[in-house]
Amino acid sequence: MDGRTNTIFGWTLFGGVVALGLSSISGHVFDSERPEELGYVIEGAEEEGGEEGPSLAMLLSTADVTKGEAVFAKCTACHTIAQGGPNGIGPNLWGIMGKPIGQHAAGFAYSPALSSHGGNWDFENMDAWLTSPRAFANGTKMSFAGLGNPEDRANIIAYLNSMGSNLPLPEVEEVPAETGAAEIEAVDEPSTLSTEASDASAGTYPEVAADTDTTAPVGE
């Protein structure tokens, strides 16, 4: 009898120890705090569905030439921009804005991809080129990856334009005025007419004063 009691007591004690251990483990697993930083971030996930940014014309209207000159420092390893400056790995860029694409610097050997592109270096083409040279002219010899920041592109375009070009900036389109109030007035205006029309359809008309002469000619 004592042997069975000891066995039962032993298994009960063992079960209690196991239950205590499982409780402690589950507490660590389920009650742990959320880390401040996630283990990894999905690139570009937050950009989906974002609002469209300012137009190029808007960015150019507020562009900073001084900041553009600072951004252009990345280009000086290949380009000069002073008037009469020599061509380097890339062509001299004095007065480039408004000139034919791939043809503005005499004596420079442009890639066929750029020299046959067509068009001029207007603001839109320069913005596209600075965004991704390879996407703009597939096969270009220029190895620059591009500028992803629209404000940086606007600033450097403003700087390029100030160096021998001075093209007029594109006009910023005005935001159309809100028409909510006008629409409300347009809805409210016919209310009196609709009331009169409903009276007519019902066979009721405004009472005419007894002393009113209804035979008088119109306009008298």
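Contact here means heavy atoms within 4.5 Å of each other. Keep that in mind while we walk through this model, which is a predicted one.

Let's start with a residue that puts the definition to use. Ser 165 sits in the loop between H7 and H8. Leaving out residues up to four places away in sequence, Ser 165 touches Gly 95, Ile 96, Met 97 and Leu 160. Is Ser 165 buried or exposed? The cut-off for buried is under 20% relative accessible area, and Ser 165 comes in at 17%, so it counts as buried. Now step along to Asn 166, which is found in that loop between H7 and helix H8 (180–188) too. With a relative accessible area of 55%, Asn 166 is exposed. Have a look at its backbone as well: Asn 166 has a positive phi of about 55°, although it isn't a glycine. As a rule, most residues other than glycine have a negative phi.

Time to zoom out. The protein chain has nine helices and zero strands, so reading from the N terminus you simply get α-α-α-α-α-α-α-α-α. The chain has 220 residues, and 21% of them count as buried. Take the contacts with a separation of 6 or more: 46% of those in the protein chain come from residues 24 or more positions apart.

For the helix packing, H5 (residues 123–131) and H7 (residues 150–162) are a good pair to put on screen. Their axes come within 10 Å and cross at roughly 125°. Angles of 65 to 115 degrees would count as roughly perpendicular and those over 145 as roughly antiparallel; H5 and H7 are therefore oblique to each other. The crossing of H5 past H7 is right-handed. Who meets whom? On the H5 side you'll find Phe 123, Met 126, Asp 127, Leu 130 and Thr 131, and on the H7 side Arg 153, Ile 156, Ile 157, Leu 160 and Asn 161. Sorted by class, this contact of H5 with H7 has six nonpolar, two polar and two charged residues.

Stay with H5 a moment longer. Its buried residues are Phe 123, Met 126, Asp 127, Trp 129 and Leu 130. They span an arc of only 165° around the axis, which puts them on the same side of H5. The spacing fits a familiar pattern: an α-helix has 3.6 residues a turn, so residues three or four places apart point the same way. And what do the buried residues of H5 pack against? Their partners are helix H2 (56–61), helix H4 (112–115), helix H6 (133–136) and H7.

H3 (residues 65–72) can be read in much the same style. Gly 68, Val 71 and Phe 72 are its buried residues. Their arc around the axis is only 100°, which puts them on the same side of H3. Turn to the other side of H3 and you meet Thr 66, Lys 67 and Ala 70, which are exposed. The buried residues of H3 pack against H7, and H7 is also one of the helices that the buried residues of H5 pack against.

One last stop is Ser 115, in helix H4. Ser 115 is partly exposed, with a relative accessible area of 29%. Setting aside residues up to four places away in sequence, Ser 115 touches Ile 101, Gly 102, Gln 103 and Tyr 110. Pro 100 is 15 residues from Ser 115 in sequence, and the two lie 8.8 Å apart in space, C-alpha to C-alpha.

Key
Residues are numbered from 1 along each chain as its sequence is written. This is a predicted model: local features need pLDDT of at least 70, side-chain atom pairs count only at pLDDT 80 or more; totals for chains, interfaces and linings use all residues. Side-chain values use heavy atoms; hydrogens and water are left out. Axes are lines fitted to C-alpha atoms, for helices over the stretch in contact, and angles run from 0 to 180 degrees between N-to-C directions. Helices (H or I, at least four residues) and strands (E, at least two) are DSSP runs, numbered from the N terminus. Angles under 35 degrees count as roughly parallel, over 145 as roughly antiparallel, 65 to 115 as roughly perpendicular and the rest as oblique. A crossing is left-handed if the near helix is turned anticlockwise from the far one by less than a right angle, and right-handed if clockwise. Ala, Val, Leu, Ile, Met, Phe, Trp, Tyr, Cys and Pro count as nonpolar, Asp, Glu, Lys and Arg as charged, and the others, Gly among them, as polar. Buried means under 20% relative accessible area, exposed over 50%, partly exposed in between (1.4 Å probe, protein chains only). The arc is that of the directions from the helix axis to the C-beta atoms.
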